[in-house]
Amino acid sequence: MRNKTLAILNFMALIMTIIINYLSNTGFINGKTMKIVSNENHNLFTPASYAFSVWGLIYLFLIGFVIYSFVILKRKRECKIISQVNVWFIISCVLNCLWIFAWLNEFIGTSVILMVLLLMSLLKIIVNVKAELTNPPFRIVALVWWPFSIYSGWISVALIANVAAYLTNIHWNGWIISPVTWTIVMIILAGILNVFMTWKRNMREYAIVGSWALIAVAIANVDASSAVFLVAVITAVVIVINCLLHGVKNFRGFGEDF
């Protein structure tokens, strides 16, 4: 597919996604909002509502990526990187929209499957783009690498929350294990994943978003569970420390992180 066509389709897909995300918080779809359905399936892994403000940052970066994909149409080296994204960005936008419809229509199990596919599409973009990053200029890091690292970092934690919501929805008994214990297990798994992505994939941005989400989980449990609160805070701090250590270790210029 020609890069100009891709750039146009990327723009259209992002506009569609932003519009549907806006509508999802107005009650236009099935008479419900994201918060209403989230409250109906509330569990100990549900983060404080402020955490979802990260979507503003994600869409800001994605807008930057879409604009950049037009700007570089005549730059052969940089345009090659955009071509590596190919249709995966468009697919991620479609999956994002489908997830919203599934969630608001309370097909929670289907929403889990859609979120898995969304995460896979984002990771595919990251793998494809990273193969082309050899000492890239800062604009490529900021407008290609960061948008998808931050986006996938949020979706990774959101997927865990989505699974927890599904288990709540079907009234899963936890195999006799308490909800607090299961939540702590999920927090630790999220922490391991983010530390892994930091050291093995050089994705500090991914991990920082993960720590943001876990702090929100901690705040949501200040009164509900001191154990969940404490584990979430400690895990978030461990993630941040690993990001700082990794950043110091790899600080030789932007390009060499890749």
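The largest pocket of this predicted model encloses about 810 Å³ of space. Its lining is made up of 37 residues, and those closest to the centre of the pocket are Met-34, Phe-52, Trp-55, Trp-99 and Trp-154. Several helices take part in this lining, with at least two residues each coming from H1 (3–23), H2 (34–40), H3 (54–71), H5 (88–104), H6 (108–130), H7 (138–169) and H9 (204–220). Among these contributors, H7 gives the most to the lining of the largest pocket, namely 8 residues. In terms of residue character, the lining of the largest pocket consists of 23 nonpolar, 13 polar and 1 charged residues.

The second largest pocket has a volume of about 400 Å³ and is lined by 18 residues, with Ala-164, Leu-167, Trp-172, Trp-182 and Met-186 lying nearest its centre. At least two residues of this lining are supplied by H7 and at least two by helix H8 (179–201), and H8 gives the most to the lining of the second largest pocket, with 6 residues. The residues around the second largest pocket divide into 12 nonpolar and 6 polar, while no charged residue is found in its lining.

Attention then turns to the packing of nonpolar side chains. The largest nonpolar core holds 79 residues, of which Phe-45, Phe-89, Trp-154 and Ile-155 touch the most other members. H7 supplies the largest share of this core, with 16 residues. Trp-154, one of the residues that touch the most other core members, is also listed among the residues closest to the centre of the largest pocket. For Phe-45, when residues up to four places away in sequence are not counted, the contacts comprise Val-157, Ile-160, Ala-161, Ala-164, Thr-183, Met-186, Ile-187, Leu-214 and Val-217. Two of these contacts of Phe-45, Ala-164 and Met-186, are also named among the residues nearest the centre of the second largest pocket.

The cysteines were examined as well. A disulfide is a covalent bond between the sulfur atoms of two cysteines, and the count for this model comes to 0 disulfides. In the case of Cys-93, the closest cysteine sulfur belongs to Cys-97 and lies 6.8 Å from the sulfur of Cys-93, which is too far for a bond, because the two sulfur atoms of a disulfide have to be within 2.5 Å. Cys-93 has a relative accessible area of 3% and is therefore buried, and Cys-243, at 5% relative accessibility, likewise counts as buried, since the limit for this class is set at under 20%.

Definitions and conventions
Residues numbered from 1 in each chain as written. Predicted model: local features only at pLDDT ≥ 70, side-chain atom pairs only at ≥ 80, totals over all residues. Heavy atoms only, no water. Buried < 20%, exposed > 50% of the residue type's maximum accessible area, 1.4 Å probe, protein only. 1 Å grid on protein atoms, 1.4 Å probe; cavity = no way out; pocket = protein on both sides within 12 Å on 5 of 7 lines; lining within 4 Å. Points joined across faces, edges and corners; volume = space filled by probe spheres on them. Helix = DSSP H or I, 4+ residues; strand = E, 2+ residues; numbered from the N terminus. Nonpolar A, V, L, I, M, F, W, Y, C, P; charged D, E, K, R; others polar. Core = buried A, V, L, I, M, F, W, Y, C linked by side-chain atoms within 4.5 Å. Contact = heavy atoms within 4.5 Å.
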